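The exercises below are to be worked through with the sequence and the coordinates side by side. Each one sets a task and is followed by a solution in steps.

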Amino acid sequence: KKLKRTMQEIELGDPIDSGYSNNTNQNNNLQSDNNIDIKSSVPKVLDINFDWEDKGIKAGKLTDIHKCEPCCGDTCNVKSGLYCCLCWVCCFPFPFGRLIAWQNDQKFRIFPHVIIPLIIYLGTFSLLSYIIYFIGFVIPYPFDTVVYLFMLILFCCCNSGFILMMIVRNNARFLSGVGKENAWCGDCLISMCNCIWPFALCQVLRSSPKESWDCLHAIKNGGCGWYNDQDFNYVRYASGKGVHHV
């Protein structure tokens, strides 16, 4: 009788409860859960973090370069815009240094906040220049021409101050709560290209108050000294100070 009943169930297509299907489903669910945990635990070091949304003050997207508040005034105006432009174009080591000091809750000092970034910038610029100059002595003609042109294009496209820009952008993201704090690869890619890093700098300035980079205001009000005799740090999250809201 049991044999006939089993044969009838097979003919009708009824499943035989052997427990195999339930075990298989449980194993599949367990594997999918493990995959999710593994993916979520991998640091997103390659994230570009293009859109900062409404975090910071008015950071917005990387391409929102037409939005100039608050760096060019609470309401954008010509006077404040010219002041911002002159500071960053003509005196860039000072606003860079002031911004790094503010991001790390440190007192603004000529050393290390201005001198060291200037050395890093000039050192990177000189290194690229010497590499291009050295190619002509090492690589024989006509291959040196091709390599020379490639390095010249790279020199023109690469931002010599990308190390400074990378640090400033990483700090700004950390303070604004955008992305992973160790997403250095994305910050590096954004900061290296001469076509993109000005957009990134504007995004950083939109995420920070004007006094964060206004070195002239700091100097006038006695907020600038020559030497910092205390511990200093350039990377915000590495200092262990946590996040403060801007």
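**Exercise 1. Determine what share of the contacts between residues at least 6 apart in sequence joins residues at least 24 apart, and set this beside the order of the elements.**

Solution. In this predicted model, 72% of the contacts between residues at least 6 apart in sequence join residues that are at least 24 apart. The next step is to list the elements, of which there are 11 helices and two strands, and which follow one another from the N terminus as α-α-α-α-β-α-α-α-α-α-α-α-β. Turning to burial, 35% of the 246 residues count as buried, while the accessible surface of the protein comes to about 15,300 Å², with 64% of that area belonging to carbon and sulfur atoms.

**Exercise 2. Describe how the rings of Tyr 83 and Trp 213 are arranged, and state which parts of the chain they tie together.**

Solution. The structure holds four aromatic pairs. In the pair of Tyr 83 and Trp 213, the ring centres are 6.3 Å apart and the planes stand at 35 degrees, so the pair is classed as tilted. To place the partners, note that Tyr 83 belongs to helix H3 (residues 78-90), whereas Trp 213 sits in the loop between helix H10 (197-206) and helix H11 (215-220), so that the pair ties together parts 130 residues apart in sequence. The accessibilities are then read residue by residue: Tyr 83, at 24% relative accessibility, counts as partly exposed, whereas Trp 213, at 0%, counts as buried. Finally, ring pairs link these two residues with Trp 88 and Phe 96 into a cluster.

**Exercise 3. Classify the ring pair of Phe 111 and Tyr 227, and identify the nonpolar surface patch to which these residues belong.**

Solution. For Phe 111 and Tyr 227 the ring centres lie 5.9 Å apart and the planes are at 15 degrees; planes under 30 degrees apart count as stacked, and therefore this pair is stacked. Phe 111 lies in helix H5 (residues 110-113) and Tyr 227 in strand S2, so the pair ties together parts that are 116 residues apart in sequence. As to accessibility, Phe 111 is partly exposed, with a relative accessible area of 32%, whereas Tyr 227 is exposed, with a relative accessible area of 53%. The last step is the patch itself: Phe 111 and Tyr 227, together with Ile 115, Ile 119 and Trp 226, form a nonpolar patch on the surface with about 590 Å² of accessible area together. Helix H6 (115-138) and strand S2 (224-227) are the elements that give two or more residues to this nonpolar patch.

**Exercise 4. Find which residues are linked in a network of salt bridges, and decide whether Asp 187 and Arg 169 are buried or exposed.**

Solution. The count comes to three salt bridges. Starting from Asp 187, one salt bridge runs to Arg 169, with the closest N and O atoms 2.7 Å apart; this pair links Asp 187 in helix H9 (residues 184-192) to Arg 169 in helix H8 (residues 162-176), 18 residues apart. Another salt bridge joins Asp 187 to Arg 173, where the closest N and O atoms are 2.9 Å apart, and here again helix H8 is linked to helix H9, by residues 14 apart. Taken together, Arg 169, Arg 173 and Asp 187 are therefore linked in a network of salt bridges. On accessibility, Asp 187 counts as buried at 0% relative accessibility, Arg 169 is buried with a relative accessible area of 0%, and Arg 173 is buried as well. Apart from this network there is the salt bridge between the side chains of Lys 67 and Asp 64 (3.7 Å, N to O), in which Lys 67 is partly exposed, with a relative accessible area of 43%, while Asp 64 counts as buried at 11% relative accessibility.

**Exercise 5. Establish how many disulfides the structure holds, and explain why the sulfur of Cys 90 and the sulfur of Cys 195 are too far from the closest cysteine sulfur for a bond.**

Solution. The structure holds zero disulfides. The cut-off needed here is that the two cysteine sulfur atoms of a disulfide lie within 2.5 Å. For Cys 90, the closest cysteine sulfur is that of Cys 91, at 5.8 Å, which is too far for a bond. For Cys 195, the closest cysteine sulfur belongs to Cys 193, and at 4.2 Å this too is too far for a bond. As for their accessibility, Cys 90 counts as exposed at 55%, and Cys 195 counts as exposed at 58%.

Note on methods: Residues are numbered from 1 along each chain as its sequence is written. This is a predicted model: local features need pLDDT of at least 70, side-chain atom pairs count only at pLDDT 80 or more; totals for chains, interfaces and linings use all residues. Side-chain values use heavy atoms; hydrogens and water are left out. Helices (H or I, at least four residues) and strands (E, at least two) are DSSP runs, numbered from the N terminus. Buried means under 20% relative accessible area, exposed over 50%, partly exposed in between (1.4 Å probe, protein chains only). Contact means heavy atoms within 4.5 Å. Accessible areas come from the Shrake-Rupley method with a 1.4 Å probe; for residues, only the protein chains shown count as cover. Patches are made of residues with over 30% relative accessible area and no salt bridge: like charges are joined within 9 Å, nonpolar side chains (Val, Leu, Ile, Met, Phe, Trp, Tyr) within 5 Å. A salt bridge is a side-chain nitrogen of Lys or Arg within 4 Å of a carboxyl oxygen of Asp or Glu. Rings of Phe, Tyr and Trp (its six-membered ring) pair if their centres lie within 6.5 Å; planes under 30 degrees apart count as stacked, over 60 as edge-to-face and the rest as tilted.
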